[in-house]
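Here are some short exercises to work through with the model open in your viewer. Try each task before you read its solution.

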Amino acid sequence: MRRRTFLGTSAAILATPLCFPDAAAEQPKKLPVIGFLNGTSPGPAATLVAAFRQGLSETGYVEGQNVTIEYRWAEGDYDRLPGFAADLVSRKVDVIVATGSDRSALAAKSATSTIPIVFTAGDPVAIGLAASLARPGGNLTGFSIITVELHPKLLELLSELVPRAGVIALLVNPNNPNAERVMQDVQEAARAKGVQLPILKAGTKAEIDAAFASLVELRAGALFVSADAFFNSRHKQLVALASGHAIPAIYEWREFPAAGGLISYGTSLAAIYREVGIYAGRILKGAKPADLPVQQPTTFELVVNLRTAKALGLTIPPSILARADEVIE
């Protein structure tokens, strides 16, 4: 409401208050927008998105109420990520959350140097996302998932589980930026164990099928499925193929044994996505990415599916059961 005083020729008179509409009050306040860029698919990632929203809500933001989220899913086709990132930048989103693959984070970084980015990545310093973990610098911060560093541990667990396996096949996605390092690290661990390690490469659904078809010819006694966002999005296919070929397989994410896989060891993706939501909320409230250190997980989960072990005719060693954080019976 505005009040105006009109002066007459002889005296000042207080005019009757006049009411004018307040344009700022009438227009709905624009909600902040988060661009959610992910290398996988919405179905398999549903629990992770729920964890992200949970973290976001802990900072006071609820999707549809006081924040909007624009989702872009690459469905495992990483070549689509740069275009999606550019689209989000053109829409002038307030924050970009780049998850589901190192390639998501790299695409977002290439698309903007001003919009804040919260990422998940294996080794953000090595691939140029952050200057250091403590001081990432620029417009990026996020979470190091720690995958490659765990590979020797996973091979050790698999050898302990299937001690007679002289041949353990390694499945990698050649489109993963860490593929070469993964192969090198696991090969070194295999040599130390005296195990042969044929490498199978798959970057599509059909190539996954073909990789499993070659296991018999290789006489593989076990399978090591490396950590990869595309593999995570195809976890039901991988678990079904491992079951159909009756081959013991180890994975890095608990989503695999939860779907019927044998065993997994790695960080909790749900816990990381919750933290990503918290970081995104803090940035919407004014925090600068450069002031938020890149965080690393401090706990790791060992999950064992006893039903799958029984179906494979395997007895899980007591040493593994004693260390398991979760046993699915």
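**Exercise 1. Place A222 and describe its surroundings.**

Start with the secondary structure: A222 sits in strand β10. Keep in mind that you're looking at a predicted model.

Next, check the accessibility. The relative accessible area of A222 is 0%, and the cut-off for buried is under 20%, so A222 is buried.

Now list the contacts, skipping residues up to four places away in sequence. A222 touches L158, V162, A165, V167, I168, A169, I247 and P248.

Finally, try a distance. From C-alpha to C-alpha, A222 and T141 are 37 Å apart in space, with their positions 81 residues apart in sequence.

**Exercise 2. Do the same for A211 and S264.**

Take A211 to begin with. This residue belongs to helix α7, and its relative accessibility of 7% makes it buried. Leaving out neighbours within four places in sequence, its contacts are L171 and L200. For a distance, pick I199, which is twelve residues away along the chain: the two C-alpha atoms are 9.4 Å apart.

Then go to S264, which you'll find in strand β12 (residues 263-266). S264 is buried too, at 1% relative accessible area. With neighbours within four places set aside, the contacts of S264 are Y251, E252, W253, R254, P257, E301, L302 and V303.

**Exercise 3. Which residues have the most contacts inside the largest nonpolar core?**

Count the core as a whole: the largest one has 73 residues. Inside it, I34, F52, L171, F212 and L223 have the most contacts.

Ask next which helix supplies the most. That's α12 (residues 269-284), which gives eight residues to this core.

A second core of 32 residues lies apart from that one, and L150, Y265, V304 and I320 are among its members.

Now zoom in on F212. Beyond its neighbours within four places in sequence, F212 is in contact with L171, L223, L238, L241, A242, H245 and I247. Two of those names, L171 and L223, are also on the list of residues with the most contacts in the core.

**Exercise 4. Work out how helix α10 is packed.**

Begin with its buried residues. In α10 (residues 235-244), these are H235, Q237, L238, V239, L241 and A242.

Then see what they face. The buried residues of α10 pack against strands β8 (168-172), β10 (222-225) and β11 (249-251), and against helices α7 (205-213), α9 (229-233) and α11 (255-258).

Link this back to Exercise 3: L238, L241 and A242 are buried in α10, and they also appear among the contacts of F212.

**Exercise 5. Describe two helix pairs.**

Two packed helices are described by the angle between their axes and the distance between the axes.

Pair one is α5 (residues 151-161) with α6 (residues 179-193). Their axes come within 9 Å and cross at roughly 40°, so the two helices are oblique to each other. The crossing is right-handed. On the α5 side you'll see H151, P152, L155, E156 and S159, which meet V182, V186, A189, A190 and K193 of α6. Sorted by class, that contact holds six nonpolar, two polar and two charged residues.

Pair two is α2 (residues 46-58) with α12. Here the axes come within 6 Å, again crossing at roughly 40°, and the crossing is right-handed. From α2, the contact uses L48, A51, F52, G55, L56 and E58; from α12, it uses L269, A270, Y273, R274, V276, G277, I278, A280 and G281. By class, the split is ten nonpolar, three polar and two charged.

**Exercise 6. Look at E75 and A246, each with a positive phi.**

E75 isn't a glycine, yet its phi is positive, near 55°. Its place is the loop between β4 (68-73) and α3 (81-90). With a relative accessible area of 42%, E75 is partly exposed.

A246 isn't a glycine either, and its phi is about 50°. A246 follows α10, in the loop between α10 and β11. Is A246 buried or exposed? The relative accessible area is 52%, and exposed means over 50%, so A246 is exposed.

Key
Residues are numbered from 1 along each chain as its sequence is written. This is a predicted model: local features need pLDDT of at least 70, side-chain atom pairs count only at pLDDT 80 or more; totals for chains, interfaces and linings use all residues. Side-chain values use heavy atoms; hydrogens and water are left out. A nonpolar core is a set of buried Ala, Val, Leu, Ile, Met, Phe, Trp, Tyr and Cys residues joined through side-chain atoms within 4.5 Å. Buried means under 20% relative accessible area, exposed over 50%, partly exposed in between (1.4 Å probe, protein chains only). Helices (H or I, at least four residues) and strands (E, at least two) are DSSP runs, numbered from the N terminus. Contact means heavy atoms within 4.5 Å. Axes are lines fitted to C-alpha atoms, for helices over the stretch in contact, and angles run from 0 to 180 degrees between N-to-C directions. Angles under 35 degrees count as roughly parallel, over 145 as roughly antiparallel, 65 to 115 as roughly perpendicular and the rest as oblique. A crossing is left-handed if the near helix is turned anticlockwise from the far one by less than a right angle, and right-handed if clockwise. Ala, Val, Leu, Ile, Met, Phe, Trp, Tyr, Cys and Pro count as nonpolar, Asp, Glu, Lys and Arg as charged, and the others, Gly among them, as polar.
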